[in-house]
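Welcome! Have a look at the chain below, turn it around for a while, and then try the exercises.

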Amino acid sequence: MSEMEELIKKYLNEKGKLDCTDGFKIAAKLKCSTLEVGACAKAMDIRIDSCELGQFGKLEGGIYDVEAQNRLKPFLDEKNRITCKAARAQAAGIGLKKIRGTLKEKNYDVTFCELGCFKEKLRPRLYVKTKTWIENSEGELLFGKGKTEILELIEQEGSISKASEKIGMNYKKAWTHIKILQRNINDTMVQTKQGGGEDAGTTLTPVALEYMKNYRKLQADIENYANERFKELFLKPRNKKEFKE
């Protein structure tokens, strides 16, 4: 048995498959191409699982990110597709979790898997989309995807004006969103250093971080349920051969 075969067997997950991330680890260890690892796994009749770009398997934890979207856009073709290699390269400094979440959120398809699992999908991909928000009794939007985005950017930029500029929203609207939320929860979401202007050194409070964390968990739970139910109702009754990758 070759060293590559031994490593593939060593890294098999509990389902007897090789996770995408481990395929890349093996290639790095052996200083070979990922395509060679994928070809070896295929010859051993071992399937690749848990694609780090979310194209197959059930790898969770993707996060939509504006910066990730801006990085991916220049590499999209006319059908909103990007190669696996190009998509992975854009993860430098921000992580694959944000790339994976953004690919899913924007329905960007991936071509030419670096492990050789596919070149192009043989079928149109179907999705179910969910949108979750929290509002008060008067119908005012208090918390949702947009609020989470602006708070995430405030945390990254340390500035409301810089965050609102990055997301394409004017400062007044961003600050109004925050004030409505603070008024309804009767607590503070952002803190600004004194003496440096209204937007100097803005940080999020522990309350804001907790709301963001809980909203992400709520949205992920709802999406997971919706995806499983969607598969049951729309995909499983149809011919499995039609959906072969």
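Three exercises follow, with worked solutions.

This is a predicted model, in which local features need pLDDT of at least 70, side-chain atom pairs count only at pLDDT 80 or more, and totals for chains, interfaces and linings use all residues. Residues are numbered from 1 along each chain as its sequence is written, and side-chain values use heavy atoms, with hydrogens and water left out.

**Exercise 1. Describe the chain as a whole.**

Step 1: Begin with the secondary structure. The chain has 10 helices and eight strands; helices (H or I, at least four residues) and strands (E, at least two) are DSSP runs, numbered from the N terminus.

Step 2: Next come the dimensions. Taken along the principal axes, the C-alpha atoms fill a box of roughly 70 × 45 × 35 Å.

Step 3: Now look at burial. Of the 245 residues, 38% count as buried. Buried means under 20% relative accessible area, exposed over 50%, and partly exposed in between (1.4 Å probe, protein chains only).

**Exercise 2. Place Cys20: which helix holds this residue, is the residue buried or exposed, and what is it in contact with?**

Step 1: Cys20 belongs to helix α2, which covers residues 20-30.

Step 2: Cys20 is buried, because its relative accessible area is 5%.

Step 3: Leave aside the neighbours within four places in sequence. Cys20 is then in contact (heavy atoms within 4.5 Å) with Ile48, Asp49, Ser50, Cys51, Glu52, Arg88 and Leu115.

Step 4: For a sense of distance, take Leu72: Cys20 and Leu72 are 52 residues apart in sequence and 20 Å apart in space, C-alpha to C-alpha.

**Exercise 3. Find the largest cavity: what is its volume, and which residues line it?**

Step 1: Fix the term. On a 1 Å grid over the protein atoms alone, a cavity is a set of points where a 1.4 Å probe fits but cannot get out, and lining residues have an atom within 4 Å of a point. Grid points are joined across faces, edges and corners, and a volume is the space filled by probe spheres set on the points.

Step 2: Searching the whole structure gives two cavities of 30 Å³ or more. The largest cavity has a volume of about 70 Å³.

Step 3: Cys20 returns here, since the lining of the largest cavity consists of Cys20, Phe24, Cys51, Glu52, Leu53, Cys84, Arg88, Cys113, Leu115 and Phe118.

Step 4: Helices α2 and α5 (84-89) each supply at least two residues of that lining.

Technical notes: 1 Å grid on protein atoms, 1.4 Å probe; cavity = no way out; pocket = protein on both sides within 12 Å on 5 of 7 lines; lining within 4 Å.
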